[in-house]
Amino acid sequence: ASSTDGTSQPRAASNLAATYGTIDGSDVSKQIWMARVPPKLSAAWADAPEGTVLGTLTFTKGGGPAPPRPSNNNKKQPPNRNIATAKNNTAAKQSLTVSVSPEFANSDLPLGYSIEAMTKKVPVLHPFTRQQDGSVKLHGTVVRSCNLQMRRTDEYRKLCKNRLVATVSSNRFVRPVDAGELSMKNRRPVGTATGGEEGFGGAVQRFGKRMIEASEGKNENNRKRKFEGQPIRSVIFELFSQQPFWTVRELCNESGRLEKELRKVLRDLCEFRNRGEHKGMWELKAEFREQGTG
């Protein structure tokens, strides 16, 4: 038994090597249409079990007499009865439609489609299937291509309406507002804190107030009183003891002194940073920093 299995495997491998890649073109002359199917319909057809009727293709033949061309003769002519009958009997329009099987009616899927954008200008395409032995079976040649487009029927409009209602439905409700709630007397200004509670709006309001006061120079008198009668060198040492880096504008705002006065002393006591993280700021010289720490 073992010797039989050992010889069958190489034989199967040799047969696969002999048939792999061979092309069966016996049905290549068969004409095939290639249709682009909507993704949702394609997924529903792919998930259907084998043997399911997917739908029906209906071809409606058009026809009827062509309407007569208008005459260039300006003379009055008696009315043509054929024109009246042609208006009453409208010729049927030629069409191709696809009706999906009612078995898919419960899957929220449109069931009516029309074949549009049909064209013969397609490249040479051959649908194929690869067999288990590695050979390739050609099923024919694509001669036309088309698209399946949903038909605007009453059922399709109802389906779209149900989808829209399902997306906008919610448990929210509208409550009428009393007239007293709309009174401006009962409203608080935005950003104020009441009852001793501190909020984000109150913090923003206080910060804005401080910025406005700083820009208008309202705090300048307080700063002058703080450093009143104190030498400017002492003021600079005191400010640099609070933080190591300052700009000239910050020193002016904190000390209440003029920029011209500060720059004269800054050149003697400080170093200006031209690069790095603290570019554009002043720092005490090393010898004065050591005195301050000592």
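Trainee: At what angle do helix H7 and helix H8 pack?

Mentor: Happy to start there, keeping in mind that this is a predicted model. Helix H7 covers residues 232-242 and helix H8 covers residues 248-255. Their axes lie 11 Å apart, and the packing angle is about 110 degrees.

Trainee: Is H7 roughly parallel or roughly perpendicular to H8?

Mentor: The angle between the two helices is about 110 degrees. Angles from 65 to 115 degrees fall in one class. Therefore H7 counts, relative to H8, as roughly perpendicular.

Trainee: Which residues in H8 are met by those in H7?

Mentor: From H7, the residues taking part are Val235, Leu239 and Phe240. By class, the contact of the two helices has four nonpolar, one polar and one charged residues. On the H8 side, the partners are Leu251, Glu254 and Ser255.

Trainee: Let's move to the strands. In the open sheet of three strands, what is the order?

Mentor: The pairing in this sheet is mixed. Strand S1 (23-24) and strand S6 (128-130) are the edge strands, each pairing on one side only. The order is therefore S1-S7-S6.

Trainee: In which sense do S1 and S7 pair, parallel or antiparallel?

Mentor: Two bridges link S1 and S7. One bridge partnership is that of Asp24 with Lys137 in S7. The sense of the S1 and S7 pairing is parallel.

Trainee: Why does Lys137 count as buried?

Mentor: Lys137 sits in strand S7, residues 136-138. Buried means under 20% relative accessible area. Lys137 counts as buried because its relative accessibility is 17%.

Trainee: With which side chains does the side chain of Lys137 make polar contacts?

Mentor: One polar contact, of 3.2 Å, joins the Lys137 side chain to that of Asp24. Another, of 3.1 Å, involves a second aspartate side chain. The partners are Asp24 and Asp27.

Trainee: Leaving aside neighbours within four places in sequence, which residues are in contact with Lys137?

Mentor: Asp24 and Asp27 belong to this group, and their side chains also make the polar contacts with Lys137. The full set is Asp24, Ser26, Asp27, Pro127, Phe128, Thr129 and Gln131.

Trainee: Now the whole protein: what percentage of contacts between residues at least 6 apart in sequence join residues at least 24 apart?

Mentor: The protein has 10 helices and 10 strands. Buried residues make up 19% of its 294 residues. Among the contacts you ask about, the share joining residues at least 24 apart is 63%.

Definitions and conventions
Residues are numbered from 1 along each chain as its sequence is written. This is a predicted model: local features need pLDDT of at least 70, side-chain atom pairs count only at pLDDT 80 or more; totals for chains, interfaces and linings use all residues. Side-chain values use heavy atoms; hydrogens and water are left out. Helices (H or I, at least four residues) and strands (E, at least two) are DSSP runs, numbered from the N terminus. Buried means under 20% relative accessible area, exposed over 50%, partly exposed in between (1.4 Å probe, protein chains only). A polar contact is a pair of N or O atoms within 3.5 Å; within protein, one must be able to donate a hydrogen and the other to accept it, and residues adjacent in sequence count only if both atoms are side-chain atoms. Contact means heavy atoms within 4.5 Å. Axes are lines fitted to C-alpha atoms, for helices over the stretch in contact, and angles run from 0 to 180 degrees between N-to-C directions. Angles under 35 degrees count as roughly parallel, over 145 as roughly antiparallel, 65 to 115 as roughly perpendicular and the rest as oblique. Ala, Val, Leu, Ile, Met, Phe, Trp, Tyr, Cys and Pro count as nonpolar, Asp, Glu, Lys and Arg as charged, and the others, Gly among them, as polar.
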